[in-house]
Amino acid sequence: MIGRISGGVALAMLLAATPAVAQDRDAGAAKSQRRVSITPYIELDQVLTWDSQSDDVLTYTSAAAGVDASVETQRVSVNISARYEHQFAYDKRSSDADVVTGLANAQVRVARGLSIDAGGIATRSRTDIRGAAPIFFGNNDRNVSNVYSAYIGPTLSTGRGPIGINASYLFGYTKVTQPNSTGVAPGSPSLDYFDDSTTQLATASVGFKSGTVAPFGATLSVGWTREDQGQLDGRFDGLYARGDVVQPLSGTFAVEGGVGYEKIKSSSRDPLVDAGGNPVLDRHGRFVTDPNSPRRIAYNTDGIYWDAGVLWRPSPRTTLEARVGRRYDSWTYTGSLSYAPRAGVGLQVGVYDDVETFGTQLQRGIRGLPKEFTATRDLLMQQFSGCTFGTTGGGATGGCLNSVFQSVSNATYRARGVDGVISLTRGSTSMGFGAGYATRKFYAPQSPGVVINGVSDDSYYAQFFYSRAIGARTSFSGDLFANYYDSGLAPGILSLGGTGSLSRSFGRLGTTASVGVYTFSQDGQNDQTQAQATLGARYQF
């Protein structure tokens with residue numbers, strides 16, 4: 001019963017993150033400017049699973065209800081794919097499960113230059129980077145947690161003459177359920193598994209473009225980030241102010257630079273320990289906070305930082321930016337590339353370097369996903385926890401959350417890496433490819449039982465998606481995955497997998513058959529391979 005309630009709450013949170021789904025305050029909007037598609041459905045699937053290690057063959061039934069919606073009017077823009085699923089297990093070694101998956105974003109334009117933005121995600125993720133690395137997040141998978149996150153806040157864009165003013169405030173909430181069996185060897189140190197957090201982000205900037213007030217462009221900006229965590233009373237505070245200048249050297253090329261001040265402090269309390277000095281865990285496997293512990297500093301920086309680089313924009317379809325600077329007491333490298341040669345085709349690459357937490361990185365990742373995205377009917381896929389591909393190309397190519405979900409930790413960390421996504425939509429064919437590398441260095445107080453301080457982990461990932469309509473009623477889709485996780489706490493894990501689905505529609509009724517196989521291997525342990533097959537039917541209202 002608790003699982004069903006939490007699943008319902010998660011779905012409600014996802015939908016609540018998209019205000020005014022079916023409302024448009026502008027009654028005089030032209031009919032040609034409206035695009036409304038809302039498709040609720042119910043679905044029944046039978047799933048068969050084979051495990052090579054135990055040679056067990058298990059089966060379970062999945063009953064689901066969901067909605068796919070896209071609304072575009074003069075004042076409202078909404079995209080939702082949300083699904084609640086209950087899995088009925090038939091084997092005593094498995095148990096019933098509730099799964100909520102979905103992605104949502106919305107923008108309500110309240111007045112000229114003022115909007116309310118919202119979004120949310122519900123998905124499943126591996127929890128412990130030392131443990132199992134499943135690709136099919138089905139019934140009773142090891143090292144898997146449910147993840148729910150949503151945000152909402154106003155955005156202002158206005159100005160007077162050549163001066164532009166921008167400001168925004170965002171409030172977010174993130175929840176991760178307790179992990180099931182992680183596959184980590186008995187007796188291994190406990191990690192600080194993330195529980196929940198609230199985040200607040202406020203930004204403001206004022207500036208002018210080059211050629212208006214002066215030959216160069218200039219911007220002054222300030223920002224504030226705050227996260228309050230449920231685990232060990234964790235707290236992350238970040239404050240910054242900076243100025244940026246852009247000097248064009250030609251019609252397509254410019255040099256740019258900025259200097260700023262920032263102050264970041266991360267802290268938490270000690271876990272409660274028993275007589276043997278071991279951390280006390282609650283029934284969910286998380287640390288119990290010592291109420292008498294003082295607040296201890298995990299990460300603290302206070303000072304000036306700078307960066308400089310180039311901006312190249314040879315056409316409206318191509319933008320390249322690259323910067324180098326000094327921040328976090330070391331050299332930093334950031335940049336981006338966007339290329340959209342024609343409608344339906346797009347390439348995006350991003351290089352990042354930030355100090356953040358799981359909650360703040362996930363919120364940033366959700367906001368970076370395309371507004372119009374591809375949702376799949378494949379029950380075996382990593383719904384929204386890997387790469388999500390856009391449907392329109394250009395600036396909505398897609399994005400990957402693999403770097404966020406490589407492990408779920410309560411600690412502050414420095415995240416560096418590169419992500420690249422290519423998407424193509426032509427007629428009835430859609431393709432997408434995403435790949436990246438991410439490395440994180442963790443910061444935690446020197447508290448009893450906390451072993452993650454100073455540890456680094458690395459992740460390499462790639463995903464290929466293909467979908468094609470075969471005639472008017474039949475379609476095929478497939479996915480290939482490759483992930484490699486390497487942690488300073490355990491040997492590296494290689495995870496590979498692929499799925500394929502064939503769908504056939506009969507009016508409102510549609511059927512889908514899917515097969516998939518995945519394997520993961522870790523030094524010192526036996527390889528584990530699993531195959532799954534599903535057969536299901538969906539009725540759309």
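Student: Where is Asp 233 found?
Tutor: Keep in mind that this is a predicted model. Strand 9 and strand 10 are joined by a loop, and Asp 233 is found in the loop between strand 9 and strand 10.

Student: And what is the phi of Asp 233?
Tutor: Asp 233 is not a glycine, yet its phi is positive. The value is about 55°.

Student: Is Asp 233 buried, exposed or partly exposed?
Tutor: Its relative accessible area is 30%. Buried would need under 20% and exposed over 50%, so Asp 233 is partly exposed.

Student: What about Leu 232, buried or exposed?
Tutor: Leu 232 sits in the loop between strand 9 (217-229) and strand 10 (235-248), and its phi is also positive, near 55°. Its relative accessible area is 4%. The cut-off for buried is under 20%, so Leu 232 is buried.

Student: Let's move to the cysteines. Which residues form a disulfide?
Tutor: A search of the whole structure turns up 1 disulfide. Its sulfur atoms are 2.1 Å apart, and both partners are buried. The pair is Cys 387 and Cys 400.

Student: How many residues apart are Cys 387 and Cys 400?
Tutor: Cys 387 belongs to strand 16 and Cys 400 to strand 17 (residues 396-400), so the pair links distant parts of the chain. The separation is 13 residues.

Student: What handedness does the disulfide of Cys 387 and Cys 400 have?
Tutor: Look at the torsion about the S-S bond, which is about 95°. That value makes the disulfide right-handed.

Student: Which residues touch the most other members of the largest nonpolar core?
Tutor: This core holds 35 residues. Among the elements giving two or more residues to this core are helix 2 (358-367), helix 3 (402-405) and strand 18 (412-426). The residues touching the most other members are Phe 358, Leu 362, Leu 401 and Ile 452.

Student: Leaving aside neighbours within four places in sequence, which phenylalanines is Phe 358 in contact with?
Tutor: The contacts of Phe 358 include Val 147, Val 176, Val 404, Val 408 and Tyr 413. Thr 174, Ser 407 and Ser 409 are on the list too. The phenylalanines there are Phe 194 and Phe 405.

Student: One last residue: which side chain does the side chain of Arg 124 make a polar contact with?
Tutor: Arg 124 lies in strand 5 (residues 114-126) and counts as buried at 10% relative accessibility. The polar contact spans 3.1 Å, and the partner is the side chain of Asn 146.

Terms used:
Residues are numbered from 1 along each chain as its sequence is written. This is a predicted model: local features need pLDDT of at least 70, side-chain atom pairs count only at pLDDT 80 or more; totals for chains, interfaces and linings use all residues. Side-chain values use heavy atoms; hydrogens and water are left out. A nonpolar core is a set of buried Ala, Val, Leu, Ile, Met, Phe, Trp, Tyr and Cys residues joined through side-chain atoms within 4.5 Å. Buried means under 20% relative accessible area, exposed over 50%, partly exposed in between (1.4 Å probe, protein chains only). Helices (H or I, at least four residues) and strands (E, at least two) are DSSP runs, numbered from the N terminus. Contact means heavy atoms within 4.5 Å. A disulfide is a pair of cysteine sulfur atoms within 2.5 Å. A polar contact is a pair of N or O atoms within 3.5 Å; within protein, one must be able to donate a hydrogen and the other to accept it, and residues adjacent in sequence count only if both atoms are side-chain atoms.
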